[in-house]
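This report describes the architecture of one protein chain, from its strand pairings to its interior. Please keep the sequence and the model at hand while reading.

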Amino acid sequence: MNIKDIAKIAGVSVSTVSKIINNYSEISEETRSKVLQIMQETGYVPSNSAKTLATKTSNLIGVIFAGKLNVDFTHPFFVEVLNSFKKQMGLLGYDLVFFSNEKFQSGGNNDYLARCRHYHVDGCVVISGQELEPSISQLDNSDIPCIGVDMKLSGRSSGYIMSDNYKISSKVVEHFYLLGYRELGYIGSTQESDISNMRESGYRNTIESFGLPVNEKWFVNGGNFFEASGYEAMQRMIASGSLPRAIFAASDQLAIGAMRALKECSLSVPETVAVIGCDDIEASRFTTPQLSTIRQNKEKIGRLAALMLYDLINNQSETSSFVVEPELIIRESCGSKLKDPPYY
């Protein structure tokens, strides 16, 4: 049985049945009793779609891991952000629907907008990825409220939240400079990553603002933000024949991979090469040495993303954006805690 069957048996419209399901007061008691009795006799249980017909809302939020190369559930930073987002949306009365970027069963393509329409989502959160599909832009320019996490959305019903990537890099360079390091290197993700490019640009610009040279041999990109890419990038830098005194990695996982490569070549951290990562994932406190990093407030980013999306859905705000302040977390890998710190 479905809502159309109930309406046909009762001799009323589908919208009338839907209004009864959602307890609208404008329906007569006689009609209400008749429909409810038929529902009981047939064993019909109202679906979410039936409720959506009357209220025009589903209380569903779409979650999209954007890009052909995406973080999915494997990146600890985005997992923590998403956990915070999920908890806040739950408090606001919403459930989450996760969209894969495999072919959609009824459309045969990656049309996110069509999928959002299909499931009647009230809004979407879009998690940053690399090599974005054209359908992300289509969704961004639609009337479905969207919030981008670590990616800029600029549609009429969209907004975004991200950390200040320029300040992330400038904090690292400033700290290295205060420690006396003048030969600075960088390990980033693929050149298709906007986040990695922003961090590299901020790093280069801040180095130059201190009047220091930028050595291109010490700027190496991996294939993604994960540990294996950091390991491989550091191997290439070692093979080049010269190393910087300090390295900033665009993610903690890249930094952990780089430290493993250095250790395998009997190069000590931070005595030979100092390292700072980014994200402050859980694992950064358990590396040897403990990883200095830039903390992005993951709980705050997730909560703000949820509240900003809620306001867009309920027309309580127009398109919005927010940049979160990063924080330098000093542990062992940067050299600040050496018995004889490397100050000039």
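Which residue stands opposite G277 in β12? The residue opposite G277 in β12 is T293.

## Basis of the description

The model is predicted, with local features requiring pLDDT of at least 70 and side-chain atom pairs counted only at pLDDT 80 or more, while totals for chains, interfaces and linings use all residues. Residues are numbered from 1 along each chain as its sequence is written, and side-chain values use heavy atoms, with hydrogens and water left out.

## Overall form

The secondary structure of the chain consists of 12 helices and 14 strands. These elements are DSSP runs numbered from the N terminus, helices being H or I over at least four residues and strands E over at least two. Along its principal axes, the C-alpha trace spans about 90 × 35 × 35 Å. The radius of gyration of the chain is 26 Å, whereas a compact globule of 344 residues would have one near 20 Å. This radius is taken over C-alpha atoms, and the globule rule is 2.2 Å times the number of residues to the power 0.38.

Of the 344 residues in the chain, 51% are buried. Buried means under 20% relative accessible area and exposed over 50%, with partly exposed in between (1.4 Å probe, protein chains only). The chain exposes about 16,100 Å², of which carbon and sulfur atoms supply 49%; accessible areas come from the Shrake-Rupley method with a 1.4 Å probe, and for residues only the protein chains shown count as cover. Among contacts with a separation of 6 or more, 69% join residues 24 or more positions apart, a contact being heavy atoms within 4.5 Å.

## The parallel sheet

One open sheet contains 6 strands in the order β3-β1-β4-β6-β7-β13, with parallel pairing. Two strands are taken to pair if DSSP finds at least two bridges between them. The edges are formed by β3 (95-99) and β13 (321-324); each has a single partner strand, so one side of each is left without a neighbour in the sheet. From one strand to the next, the twist averages 20°. Axes are lines fitted to C-alpha atoms, for helices over the stretch in contact, and angles run from 0 to 180 degrees between N-to-C directions.

Strand β4 (residues 123-127) has 5 of its 5 residues buried, so it is largely enclosed by the rest of the structure. G123, V125 and I127 point one way from β4, and C124 and V126 point the other way. In a regular strand the side chains alternate between the two faces of the sheet. Strand β1 (residues 60-65) runs parallel to β4 and is joined to it by 5 bridges, with F65 opposite I127. Strand β6 (residues 146-149) is also parallel to β4, through 4 bridges, and C146 in β6 stands opposite C124. Farther along the strand order, β7 (residues 158-163) pairs with β13 in the parallel sense over 4 bridges, where M162 has V323 as its bridge partner.

## The mixed sheet

Another open sheet of 6 strands follows the order β9-β8-β10-β11-β12-β14, with mixed pairing. Here β9 (219-221) and β14 (327-329) stand at the edges with a single partner strand each, so one side of each lacks a neighbour in the sheet. Strands β11 (residues 274-279) and β12 (residues 292-295) are parallel over 4 bridges, and D279 stands opposite R295 in β12. Helix α9 (residues 194-209) packs on this sheet, touching β8 (184-188), β9, β10 (246-249) and β11, and its direction makes about 170° with that of β8.

The pairing of β12 with β14 is antiparallel, over 3 bridges, and R295 has E327 in β14 as its bridge partner. L328 is also found in β14; at 22% relative accessibility, L328 counts as partly exposed. L328 touches K171, H175, I276, T293 and I294, leaving aside residues up to four places away in sequence. The C-alpha atoms of L328 and I276 are 9.4 Å apart, although the two residues are separated by 52 residues along the chain.

## Nonpolar cores

The largest nonpolar core has 46 residues, and those with the most contacts inside it are F176, L184, I187, Y203, M234, F248 and V275. Such a core is a set of buried Ala, Val, Leu, Ile, Met, Phe, Trp, Tyr and Cys residues joined through side-chain atoms within 4.5 Å. Helix α11 (residues 252-264) contributes the largest share of this core, 7 residues.

Not counting residues up to four places away in sequence, M234 touches I187, L243, I247, A258, A261 and L262. Apart from this core lies another, of 24 residues, including L82, M308, L309 and I313.
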